[in-house]
Amino acid sequence: MQVDFYHLTHMPLERALPRIAERVLAAGERLLVVSRDEAQRAAIDKVLWDYTPESFLPHARLGAGDDRAQPVLIAPDVNAANGAQHIALVDGEWRDDALDFQRAFHFFDDEAIRAARLAWKALADRDGVERRYWKQNDAGRWEQAA
């Protein structure tokens, strides 16, 4: 099980998340996007529709249709009704339920860095968990820092 910590410093979530979602879908996998914040879920729904003019990421919000058929499902909690094995925690809050997936993407900004550090340390002793920490350089590119 792999957990990727993404520290958002230069690139906002609205640009980072669609790129991750594209990669997950290109690999033939499904993604669950989790945020407790209703406004953030609505914003993610919008950005996945129109983040680039040339592409569209098929998705829906939990309960808006046939959840099982959605390649990307946006939900308020860890509910992989779409059968996803990849999860993106986008509200800065780590959830241990994410460890039930093959891969977790934990996005956080400077406001949530303390909680992210605690989650990083807590996962250090977990068997079968590989942690990676990604930060952005001054050019906005992601670099693996740990």
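**Figure 1. Asp4, a buried acidic residue in strand β1****.** In this predicted model, Asp4 has a relative accessible area of 0%, so it counts as buried. Its place is in strand β1, residues 2-7. Two side chains meet the side chain of Asp4 through polar contacts. One belongs to Gln2, at 2.9 Å. The other belongs to Trp134, at 3.0 Å. Leaving aside neighbours within four places in sequence, Asp4 is in contact with Arg103, Ala104, Phe105, His106, Arg132 and Trp134.

**Figure 2. Trp134, the partner of Asp4 in strand β7****.** Strand β7 covers residues 130-136 and holds Trp134. At a relative accessible area of 17%, Trp134 is buried, because the cut-off for buried is under 20%. The polar contact between the side chains of Trp134 and Asp4 spans 3.0 Å. Residues up to four places away in sequence are not counted in what follows. Trp134 touches Asp4, Phe5, Tyr6 and His7, and also Trp142, Glu143 and Gln144. Ala115 lies 19 residues from Trp134 in sequence. In space, the C-alpha atoms of Trp134 and Ala115 are 16 Å apart.

**Figure 3. Helix α2 and its packing partners****.** Helix α2 runs over residues 38-50, 13 residues in total. From first C-alpha to last, α2 reaches 19 Å. That is close to the 18 Å expected at 1.5 Å a residue. At the N-terminal end, Asp37 acts as a cap. A side-chain oxygen of Asp37 lies 2.8 Å from the backbone nitrogen of Ala39. The buried residues of α2 are Arg41, Ile44, Asp45, Val47 and Leu48. These buried residues pack against helix α1 (13-26) and against three strands: β2 (31-34), β3 (59-61) and β4 (72-75).

**Figure 4. A salt bridge within helix α2****.** Arg41 pairs with Glu38 in a salt bridge. Their closest N and O atoms are 2.5 Å apart. Both residues lie in α2, three residues apart, about one turn of the helix. An α-helix has 3.6 residues a turn, so residues three or four places apart point the same way. The two partners are not equally covered. Arg41 counts as buried, at 10% relative accessibility. Glu38 is partly exposed, at 42%.

**Figure 5. Val33 and the largest nonpolar core****.** This core has 22 residues. Val33 and Phe107 touch the most other members. The elements giving two or more residues to the core are α1, β2, α2, β4 and β6 (103-108). Helix α1 gives the most, with six residues. Not counting residues up to four places away in sequence, Val33 touches Leu17, Ile44, Val72, Leu73, Ile74, Ala75, Ala88 and Val90. There is also a second, separate core of 21 residues. Among its members are Ala84, Ala104, Ala112 and Val129.

**Figure 6. Asp67, buried without a salt bridge****.** Asp67 sits in the loop between β3 and β4. Asp67 is buried, yet has no salt bridge. The nearest side chain of opposite charge is Arg68, 7.9 Å away. The cut-off for a salt bridge is 4 Å. The side chain of Asp67 instead reaches a backbone nitrogen, that of Gly63, at 2.9 Å. Leaving aside neighbours within four places in sequence, Asp67 is in contact with Arg61, Leu62, Leu73, Ala81 and Asn82.

**Figure 7. A salt-bridge network around Arg95 and Glu93****.** The model has nine salt bridges. Arg36, Asp91, Glu93 and Arg95 are linked in a network of them. Within this network, Arg95 and Glu93 form a salt bridge, with the closest N and O atoms 3.7 Å apart. Arg95 is buried, with a relative accessible area of 8%. Glu93 is partly exposed, with 28%.

**Figure 8. The salt bridge between Arg132 and Glu130****.** The closest N and O atoms of this pair are 3.0 Å apart. Arg132 counts as partly exposed, at 22% relative accessibility. Glu130 is also partly exposed, at 40%. Arg132 is one of the residues in contact with Asp4.

Technical notes. Residues are numbered from 1 along each chain as its sequence is written. This is a predicted model: local features need pLDDT of at least 70, side-chain atom pairs count only at pLDDT 80 or more; totals for chains, interfaces and linings use all residues. Side-chain values use heavy atoms; hydrogens and water are left out. Helices (H or I, at least four residues) and strands (E, at least two) are DSSP runs, numbered from the N terminus. The expected span of a helix is 1.5 Å times one less than its number of residues. Buried means under 20% relative accessible area, exposed over 50%, partly exposed in between (1.4 Å probe, protein chains only). Contact means heavy atoms within 4.5 Å. A polar contact is a pair of N or O atoms within 3.5 Å; within protein, one must be able to donate a hydrogen and the other to accept it, and residues adjacent in sequence count only if both atoms are side-chain atoms. A nonpolar core is a set of buried Ala, Val, Leu, Ile, Met, Phe, Trp, Tyr and Cys residues joined through side-chain atoms within 4.5 Å. Lys and Arg count as positive and Asp and Glu as negative; His and the chain ends are not counted.
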